[in-house]
Amino acid sequence: MITLMRLFRAALTTCALLLPLSPGMARAAYPDRPVNIIIPFGPGGAVDIAARILAEYFQTKHNITLNILCKAGGAGAPAMLEVAKARPDGYTYGFPSVTTFSTTPQVKATGYNIKDFRTVAQVSVMWLSLAVNADSPIKDFKGLIEAAKANPGKYNYASHGALSTQCLFMTLLLKQFPDVTLPHVAYTSGHDVSTALLGRHVTSGFGVTINQKPYVLSGDFRMIGVSSPERLPEFPDVPTFAEQLGNKELTLGSAHGLLAPRRVPDDRVETMQNLIKEALADPGVQAKFAKAGLSTDYLSAKEFQQVLDKSWQTIGAIMKENKFN
């Protein structure tokens with residue numbers, strides 16, 4: 001009996017030593033389940049398109065599922081609050097416009113601020129564009145201003161929110177014309193802005209080039225200004241706002257990238273950062289971005305943090321000067 005008990009104990013000890021080496025008990029590599037990407041805009045816009053291109057690459061190359069969740073409304077605050085409050089396990093990220101993200105918390109109470117997030121990677125920089133219907137008599141931005149001045153209440157512009165980058169930038173532009181009123185009409189996404197302009201519910205629409213490009217190519221829209229420092233190669237006939245108004249400071253790019261809840265572990269942020277870097281370096285992904293009118297502008301978490309910090313400071317200064325807060 002004593003011999004049998006000793007053998008039994010020895011067998012248990014052996015099993016205990018071998019158990020950690022069992023493949024079935026090995027820790028799964030991150031991520032081993034779907035990752036949520038929360039977009040604070042409506043579906044069909046530039047960020048949604050970029051996210052879905054990345055999701056296709058992640059699925060095809062690594063069998064990683066990205067759940068793309070578009071949650072528009074509230075100037076992006078509800079969606080980004082959800083990201084800030086998410087379990088910090090690396091399975092929930094936000095994909096905002098850095099400028100829009102930097103705007104809302106500095107205007108109203110949102111339940112979060114810049115310190116509640118950490119950057120993961122920059123994905124793309126998008127330029128703002130203003131368009132009218134192709135049969136409109138308006139040919140450029142100054143033409144819109146002149147029409148609005150001559151016909152009070154007849155002309156307006158749409159953007160995807162009262163605190164959107166486009167609305168903020170238009171505030172800067174209109175500051176050059178204090179005697180002109182150009183009412184703002186808010187929608188929930190760039191796609192909605194384009195749809196409203198196409199349906200002639202508004203007289204001009206402020207979006208980003210990726211959203212407006214298909215309508216320009218189809219002959220439905222005329223683009224009358226872009227926010228880049230120089231004319232864009234794909235729209236060589238569209239003058240910049242800086243060019244039209246003789247002020248080189250009137251430029252604004254909209255950086256987009258992934259943000260994580262502050263306490264997500266370093267190794268998981270690094271893993272996601274490297275996956276984004278790999279995807280954006282892939283020729284197939286680059287071709288799809290280019291076809292959609294998007295650029296691939298990868299920055300590491302550290303570099304993207306610098307962009308975020310600068311945007312937060314710049315947007316704060318602009319809003320203070322223009323009495324947004």
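A disulfide is a pair of cysteine sulfur atoms within 2.5 Å. This is a predicted model, and by that definition the structure holds zero disulfides. Two of the cysteines can be placed by accessibility. C70 is partly exposed, because its relative accessibility is 24%. C167 has a relative accessible area of 8%, so C167 is buried.

Next, the interior. The largest nonpolar core has 69 residues. Which of its members touch the most others? They are F58, F95, F141, M170, L173, F206 and F289. The element that gives the most to this core is helix 2, residues 46-62, with nine residues. Apart from this core lies another one, made of 16 residues, including A79, Y112, A255 and F304.

Let me take F141 from that list. What does F141 contact, once neighbours within four places in sequence are set aside? The partners are L130, M170, L173, F177, I224, F241, Q244 and L245. Two of them, M170 and L173, are also on the list of core members with the most contacts to other members.

A word on helix 6, which covers residues 165-174. L168 lies in this helix. Is L168 buried or exposed? L168 is buried, because its relative accessibility is 3%. From L168 to G190 is 22 residues in sequence, and the C-alpha to C-alpha distance is 15 Å.

Now the charged pairs. A search of the whole structure turns up nine salt bridges. I will go through some of them.

Start with R33 and D89, where the closest N and O atoms are 3.1 Å apart. R33 sits in the loop between helix 1 (2-18) and strand 1 (35-39), and D89 sits in the loop between helix 3 (77-85) and strand 3 (92-94). The two are 56 residues apart, and the pair links distant parts of the chain. R33 has a relative accessible area of 42%, so R33 is partly exposed. D89 is at 15%, and therefore buried; the cut-off for buried is under 20%.

Then D266 and R118. Their side chains form a salt bridge with an N to O distance of 2.9 Å. Where are the two residues? D266 is in helix 10 (residues 266-281) and R118 is in strand 4 (residues 117-133), 148 residues apart, so this pair too links distant parts of the chain. D266 is exposed, because its relative accessible area is 55%. R118, at 19%, is buried.

The last pair is D135 with R200, the closest N and O atoms being 3.0 Å apart. D135 is in the loop between strand 4 and helix 5 (141-150), while R200 is in the loop between helix 7 (190-198) and strand 7 (205-208). The salt bridge therefore ties together parts that are 65 residues apart in sequence. D135 is exposed, because its relative accessible area is 56%.

Finally, the two ends of helix 11, residues 283-291. Which residue caps the N-terminal end? That is D282: one of its side-chain oxygens lies 2.9 Å from the backbone nitrogen of G284. Just after the helix, G293 takes a positive phi of about 85°.

Note on methods
Residues numbered from 1 in each chain as written. Predicted model: local features only at pLDDT ≥ 70, side-chain atom pairs only at ≥ 80, totals over all residues. Heavy atoms only, no water. Core = buried A, V, L, I, M, F, W, Y, C linked by side-chain atoms within 4.5 Å. Buried < 20%, exposed > 50% of the residue type's maximum accessible area, 1.4 Å probe, protein only. Helix = DSSP H or I, 4+ residues; strand = E, 2+ residues; numbered from the N terminus. Contact = heavy atoms within 4.5 Å. Salt bridge = Lys/Arg side-chain N within 4 Å of Asp/Glu carboxyl O. Polar contact = N/O pair within 3.5 Å; in protein donor to acceptor, adjacent residues only side chain to side chain.
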